[in-house]
Amino acid sequence: LLSLANLPPHEAREKVAALEMKHARRRTVVWTELGEAPLASALEFIAILAEITSKHLAAGTLEDLESAYRSRGWKADDAMLRALAFGDTLADSAVIESAVRSLYLPWAEESARSLQAMAESGGYPGDKSLSAHSASSEEGECMLFVDGLRLDTAKRLAGMLQAVGFEVGESPAWAALPSVTATGKAAVSPVRGKIAGGDLSSDFEPSVAEMGQSLKGGYALRKLLADEGWRVLDRSNPGDGAGKGWLEFGDIDREGHERGVKLAKVLDGLLSEVREMVSLLFSAGWKRVRIVTDHGWLLIPGCLPKTELSAALTVSKWGRCASLKPGASSDERLFPWYWNPSMMIALAGGVRCFKNGEEYAHGGLSLQECCTISLSVSPGTAGRTDSGVLSPDIVWKGLRCNVVLDTFIAGVLLDVRLMAGDPSTSVVLAVRKVKENGTASVVVEDESLEGREAFVVLFNDSGALVAQFSTVIGGGDLND
């Protein structure tokens, strides 16, 4: 695998195919189950990376390029991350990173150059409409903003959500330029019509259109949302499903900047946290969750190649983008700022970077940074079986809740919670195990909760939800 770095890409791919034929069988033996075959395990995804990168994405039009990336190209990014997740020792990690770089870097560079040339001649497709996010929001919908949810990671998250029963729809989108949070988060927010850009700031941050107040720090954006009737939520306050919600959650971008290629090892955990937050939002009463993001990112083992841009020419210089001083010129391509098209930004060519030693970066123009999706999530069968799998009788006698199941499930426990997915919101004196005859009862401790909407929850010994059913503490009609 180390020898791939000394081969041209087509020969490196041939060698990977031969290695896969020879070593794939090793993934079926006990050593792999024990985690003692990290290179053979990584090779599965290095082989996928080799196969995907053997086909050029560049085609006649920008639409062709986008279609090729959305249909298959993103799988190269995914395979790279999955390969990098293996290797617990420095030596194994170095081998995997070297092999991945030899295959991935030329392909990513070529596709980025193609996109940049097409966008320069025909215009960048991410315009003011941001069509994927323009659908009108409905009562009972929560917009969940996840910073840096790249296309392949969004696909992985969608799979995680579907695996537990959620229904997930995808809508294509292009990030606002430059592909940084300051510009992009405001562009996907439901109050983007109240935001504008004046002179280009050093942090690429727009302002409140009416008052000119910078959105930096988040206060102005939160106030705009509140003024427009949006409930601004946080991880400790997921709301109750009333009205329209806005929640910012997730640490993908922060971890990427801090960890570099080691992001691959923690990515599943970060996405699992987002999945759990989606479950919590539905448990809190939201009818639909729309997941949006501001930008993707580039991650290349061994660092992105450096390109020179003198600090004397710039007002500000980030990894992949820079604002130039008045009258300064650069060999880098210039593109208009999303919030004020009269202000031009220099973007690093290909997958290059204006800074040394960066493994993870964004702010430029590449498919990985700019070609995104939003996810529309509805409950489906996740976390509930009230579609006929279970049909319990729930009877309240004062503050005692009696439940009779028509189907006995061994080891299931009964609880009453204000939010089904959050055990800390339990309101009973003690949870009870369902008896073999399918019955159980629990008592609510606080009399002041009588008449409050809640959830009768069934869960197993590991804490995973088996079913949830809406109820009113003490009895009564949910519509009262």
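User: Let's start just after helix α8: what phi does G229 take there?

Analyst: Keep in mind that this is a predicted model. G229 follows right behind α8, and its phi is positive, at about 90°.

User: Which residues of α8 are buried, and within what arc do they fall when you look down the axis?

Analyst: Helix α8 covers residues 219-227, and its buried residues are A220, L221, L224 and L225. Looking down the axis, you'd find that they line one face of the helix, because they fall within an arc of 140°.

User: What covers the buried residues of α8?

Analyst: Both a helix and some strands are part of the cover. On the helix side there's α7 (181-188). The strands include β3, β4, β5 (230-233) and β6 (244-248).

User: On to aromatics. What class of pair do Y104 and W107 form, and why are they about one helical turn apart?

Analyst: Theirs is one of eight aromatic pairs in the structure. The rings sit 5.8 Å apart, centre to centre, with 45° between the planes. Y104 and W107 are about one helical turn apart because they're three residues apart in helix α5 (residues 90-122). Planes under 30 degrees apart would be stacked and over 60 edge-to-face, so at 45° this pair counts as tilted.

User: And F204 with W318: how many residues apart in sequence are the parts that this pair ties together?

Analyst: F204 and W318 form an edge-to-face pair, 5.1 Å centre to centre with 80° between the planes. F204 is in the loop between β3 (195-196) and β4 (207-208), while W318 is in the loop between β9 (314-317) and β10 (321-324). So the pair ties together parts whose separation in sequence, in residues, is 114.

User: Of F204 and W318, which one is buried and which is partly exposed?

Analyst: Buried means under 20% relative accessible area, and partly exposed runs from there up to 50%. F204 comes in at 0%, so it's buried. At 27%, the partly exposed one is W318.

User: Where does the charged end of R150 sit?

Analyst: Its charged end lies 3.8 Å from the centre of an aromatic ring, and it sits over that ring. The ring belongs to W297.

User: How far does A108's C-alpha lie from that of D77?

Analyst: A108 lies in helix α5, and its relative accessible area is 0%, so it's buried. D77 is 31 residues away along the chain. Between their C-alpha atoms, the separation is 9.2 Å.

User: Which element gives the most residues to the largest nonpolar core?

Analyst: That core has 116 residues, and L144, I291 and V377 touch the most other members. With 12 residues, the top contributor is α5.

User: What does V377 touch beyond its neighbours within four places in sequence?

Analyst: Its contacts include a pair of charged residues, E167 and R288. The others are L161, F166, V168, V278, F282, V289 and I291.

User: How many residues are in the second core?

Analyst: This core is separate from the big one, and its members include W396, V412, A467 and I473. Its residue count is 21.

User: Now the open sheet of four strands: what's the strand order, and which strands are at the edges?

Analyst: The pairing is antiparallel, and the order reads β18-β17-β20-β21. Two of these strands pair on one side only, so the edges are β18 (432-433) and β21.

User: How many bridges join β17 to β20, and how many join β20 to β21?

Analyst: Strand β17 (residues 413-417) meets β20 in the antiparallel sense, with V416 bridging to V456 and L413 to F459. On the β21 side (residues 465-472), L458 stands opposite A467. For β17 and β20 the count is five; for β20 and β21 it's seven.

User: Which residues of β17 point the opposite way from L414 and V416?

Analyst: In a regular strand the side chains alternate between the two faces of the sheet. Five of the five residues in β17 are buried. Opposite L414 and V416, the ones pointing the other way are L413, D415 and R417.

User: R417 also lies over a ring; whose is it?

Analyst: The distance from R417 to the ring centre is 4.9 Å. The ring whose face R417 lies over is that of F459.

Notes. Residues are numbered from 1 along each chain as its sequence is written. This is a predicted model: local features need pLDDT of at least 70, side-chain atom pairs count only at pLDDT 80 or more; totals for chains, interfaces and linings use all residues. Side-chain values use heavy atoms; hydrogens and water are left out. Rings of Phe, Tyr and Trp (its six-membered ring) pair if their centres lie within 6.5 Å; planes under 30 degrees apart count as stacked, over 60 as edge-to-face and the rest as tilted. Helices (H or I, at least four residues) and strands (E, at least two) are DSSP runs, numbered from the N terminus. Buried means under 20% relative accessible area, exposed over 50%, partly exposed in between (1.4 Å probe, protein chains only). A charge sits over a ring if NZ of Lys or CZ of Arg is within 6 Å of the ring centre and within 35 degrees of the ring normal. The arc is that of the directions from the helix axis to the C-beta atoms. Contact means heavy atoms within 4.5 Å. Two strands pair if DSSP finds at least two bridges between them. A nonpolar core is a set of buried Ala, Val, Leu, Ile, Met, Phe, Trp, Tyr and Cys residues joined through side-chain atoms within 4.5 Å.
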